[in-house]
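Me: I've just opened this one and could use a friendly tour. Can we go through it bit by bit?

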Amino acid sequence: MKLSALHQSYLNRRSNSFRGPAVDASADGGMKSPAAVFWLALHGLCCLISLVLGFRFSRLVFFLLFSTSATNLYTAPFRPATEVSDVSVSHLSTPVANQALPVNKTTPRVVVGRHGIRIRPWPHPNPVEVMKAHRIIERVQREQRAQFGVKNPRTLIAVTPTYVRTFQTLHLTGVMHSLMLVPYDLVWIVVEAGGTSNETASLIAKSGLRTIHVGYKERMPSSWADRHRLEAKMRLHALKIVREEKLDGIVMFADDSNMHSMELFDEIQNVKWVGALSVGILAHSNNADESSVSAAEKEADNPPIPVQGPACNSSNKLVGWHTFNSLPYVEKSANYIDDWGTVLPRKFEWAGFVVNSRLLWKDYDEKPEWMKDLALVDGVDDMESPLVLMKDTSVVEPLGRCGRQVMLWWLRVEARSDSKFPPGWVIDPPLEITVPSKRTPWPDAPPELPSIDKSISVQEQMVAVKRPPKTRSSRSKRSSRSKRKHEARTVETQVSAKQTEQN
Amino acid sequence: MPLKIWALVFCSAGDVLEDDPVGRLKVFVYELPSKYNKKILQKDPRCLTHMFAAEIFMHRFLLSSPVRTLNPEEADWFYTPVYTTCDLTPNGLPLPFKSPRMMRSAIQLISSNWPYWNRTEGADHFFVVPHDFGACFHYQEEKAIERGILSLLQRATLVQTFGQRNHVCLKEGSITIPPYAPPQKMQTHLIPEKTPRSIFVYFRGLFYDVGNDPEGGYYARGARAAVWENFKDNPLFDISTEHPTTYYEDMQRAVFCLCPLGWAPWSPRLVEAVIFGCIPVIIADDIVLPFADAIPWEEIGVFVDEKDVPNLDTILTSIPVEVILRKQRLLANPSMKQAMLFPQPAQPGDAFHQVLNGLARKLPHDRVAVYLKPGQKILNWTAGPVGDLKPW
């Protein structure tokens, strides 16, 4: 009988009812003593009173009785019974615990029973400590890199051809931030078409990296084919600088509109002489309307993003190259820089190769025979990739798990040739221009006001219904509130956009 | 890091861990009828994967270990294979109600069939009792304290996971072992070591045991609830009750892993933290950690008093970086990780060997204390609650 009762109480451990120790102790030995009877009666009385009142008042009683121990007392808002309450009382209740303490041992420091939940008066993060924690994390990561990362990292030499145009800041900032995050030593060679300019200089000065800013006498032409050719020449110019200054490290080609991932910089440290990487080609088209249908058809046949890079056989040896299939895009390709068509890459892109800078030096004893001297390729017109510098291209090392990992993406996007942008992207003096609206007089009554309210209230309702079950109550409340605001804002902008379209 | 300093750091932490117990002791394994071990396991094979599985694997290890001897006259230690933690509820939790009777029945068997128990009244016998409060055989602390350690095991050496100083259920001379954690499962979730550790503090588990202690204050002595209330908004603390599939991977991306007490002070989180190189933050007053005489826990982990939980962020951020890096280096020691595991088949330096090392360190037996004079009786065979005396 007794055993099954205890068994039952154990099974209830995983259900909602809690057989407290008071019940267990009293059920255990029957009526043991008047003290046990007294506590049982008191417990029963308290239960009845709680039933009447609707909440467990015993804590309140103890709170009032023992409020002299105020030093340890922390208060917190009394939450309704449905949520987990965090009213904390700092002393020990349940006298049964005292009964259970062994008599013949010294009272242990740790006592069994109900303890208070200690909450400090301001349970929020301290910004100074958060910063300290971040510094700790930084140091730990640096140590990890030193132990498990690349041993003896070589200097990175990044070569970027650029020229001043609308999107230069956009592209160059992207590359700059990627290079600033590289944990190794870096030299950034920026070659500018049309000579060095203050704009570019001020932009790259913000990086804090060691930069070599040189100008190239020709101006950037307006057709893509010519632009690719000039960029190749500019890169060769940079390689000549590497040769003259005898810079030691790994040369990579960071075109200003490309996107680089951080794993790329770790991976190219593995190159010995010349390495090849897989480049994802983001050959987008500006024609959203007409090509969207045909593009959808094409997506069914072609892989989602074409990748250009080394091709390996099963034993991870280089056997060939994957290149961009430009046939589907031939009609819609862009010829001029601000065309709406797709900008196509060439058969090889410089960005997909890395070269050990020692191969470019003039008198380097250990230079392998398959590397041509830089001076020999001076007159060659069109150089697609560093492969022109090699007599034997089979020695190229495929990087990134034999080209299976894509760590950089190629993209060419430029603004219209007549686009105007403020120099340095700084509007100074601030704008105070009154421009007449296209439609005068401006209509007096603000249109469609009721629909705005309706759409907002609909959004609110949807947000309220969709609120997910709370594991962290305050956080979800915060996010749903901001979601509501965001919905309202987007509705407003949509309405105003509709208005301008009408005008 | 230079090789010399690497070796110095490792060697200083690893000597005792790498002791080889073979040749230093001999263990005799009693042949109990299968109703004490095999049949129980057959009834419920879940016993092989839960955190109390150490008792079963210890038996299997000893059966095929070189320290085993078939001649009881030359044995230093005697092992009784009785699986007391294998009577499981449908949910998988062990019921301890029959365990005292089972243990008593086993001891009665060995004392009547072999003379070795009566010779010492169990002082050279050891038992594996991995339940919540060890040989007190109850999951609730107050009841466990009331029962105390089973009177028949008073003189025996207990190998248990529970350890708390000045507690009734921890006997002098017990060997504390880690709870069982599945080694293969943890191996399959390893991520590359160069993955940067970006989480500052990590914890997944209950803060309030809503089923048994809805208001909090009982469960974990209020410590887990205090962690939640103080740090749920703190971006440095990645703590929640959800159980993600990437639990092991996340631990490898964290600098500190919280190991607070629950209903009992020990938890498998400690083992997981050591395996995954995450510095364990132990919040359990007076806890005795596994193999404390072989593993320098003070140097590997961070100990925080339960009363200091509201200041946990201050405590952790004020640890000097060099100390943190040193703890991580010590944790990376493979012998440390090996000592926490119960691999099958057994490997040198693992938890089985640490238990044997612990037993070997207690040798030679003190002639006066261990061996009884003829006719001398110390144990009271009728002590304990009446229910325990019923035959099993």
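Me: Let's begin with A:Phe253: is it buried or exposed?
Reply: Happy to, and keep in mind that this is a predicted model. A residue counts as buried when its relative accessible area is under 20%. A:Phe253 comes out at 0%, so it is buried.

Me: And A:Trp350, is that one buried or exposed?
Reply: The same kind of check works here, with buried meaning under 20%. A:Trp350 has 2% relative accessibility, so it counts as buried.

Me: How many aromatic pairs are there over all chains, and what kind do the rings of A:Phe253 and A:Trp350 make?
Reply: Searching the whole structure turns up 31 aromatic pairs over all chains. For A:Phe253 and A:Trp350, the ring centres are 5.0 Å apart and the planes sit at 75 degrees. Planes over 60 degrees apart count as edge-to-face, so this pair is edge-to-face.

Me: How many residues apart in sequence are the parts that this pair, A:Phe253 and A:Trp350, ties together?
Reply: A:Phe253 belongs to strand S4 (residues 250-253) of chain A. A:Trp350 is in the loop between strand S9 (318-322) and strand S10 (353-356) of chain A. The pair therefore ties together parts separated in sequence by 97 residues.

Me: What kind of pair do the rings of A:Trp321 and A:Phe348 make?
Reply: Their ring centres are 5.3 Å apart, with the planes at 85 degrees. A:Trp321 lies in strand S9 of chain A and A:Phe348 in the loop between S9 and S10, so parts 27 residues apart in sequence are tied together. Going by the angle between the planes, the pair is edge-to-face.

Me: Which of these two is buried and which is partly exposed?
Reply: A:Phe348 has a relative accessible area of 14%, so it is buried. A:Trp321 reaches 26%, and the partly exposed range runs between 20% and 50%. So the partly exposed one is A:Trp321.

Me: Does a helix length make sense here: what should helix H9 of chain A span, and how far apart are its end C-alpha atoms?
Reply: H9 covers residues 224-245, which is 22 residues. At 1.5 Å a residue it should span 32 Å. That agrees with its end C-alpha atoms, which are 31 Å apart.

Me: What does the chain do over residues 36-53 of chain A?
Reply: The unreviewed UniProt entry annotates this stretch as "transmembrane region". In the model, the end C-alpha atoms of residues 36-53 are 25 Å apart. The make-up of the stretch is 0% strand and 100% helix.

Me: Over to chain B: what is the order of strands in its open sheet of five?
Reply: The pairing is parallel. The edge strands, S1 (27-29) and S5 (175-176), each pair on one side only. Inside the sheet, S2 (residues 77-79) and S3 (residues 125-128) pair over two bridges. The order is S1-S2-S3-S4-S5.

Me: Which residue in S3 is the bridge partner of B:Tyr79?
Reply: S2 and S3 of chain B pair in the parallel sense. In S3, the partner of B:Tyr79 is B:Phe126.

Me: Last one: is B:Ala135 buried or exposed?
Reply: B:Ala135 is in the loop between S3 and helix H6 (141-147) of chain B. Beyond its sequence neighbours within four places, B:Ala135 is in contact with several residues, including B:Val129, B:Ile149 and B:Leu158. Its relative accessible area is 1%, so B:Ala135 is buried.

Terms used:
Residues numbered from 1 in each chain as written. Chains lettered and ligands numbered in written order. Predicted model: local features only at pLDDT ≥ 70, side-chain atom pairs only at ≥ 80, totals over all residues. Heavy atoms only, no water. Pairing = 2+ DSSP bridges. Helix = DSSP H or I, 4+ residues; strand = E, 2+ residues; numbered from the N terminus. UniProt positions renumbered as here; feature names shortened; annotations may be inferred. Expected span 1.5 Å × (residues − 1). Buried < 20%, exposed > 50% of the residue type's maximum accessible area, 1.4 Å probe, protein only. Contact = heavy atoms within 4.5 Å. Phe/Tyr/Trp six-rings, centres within 6.5 Å; stacked < 30°, edge-to-face > 60°.
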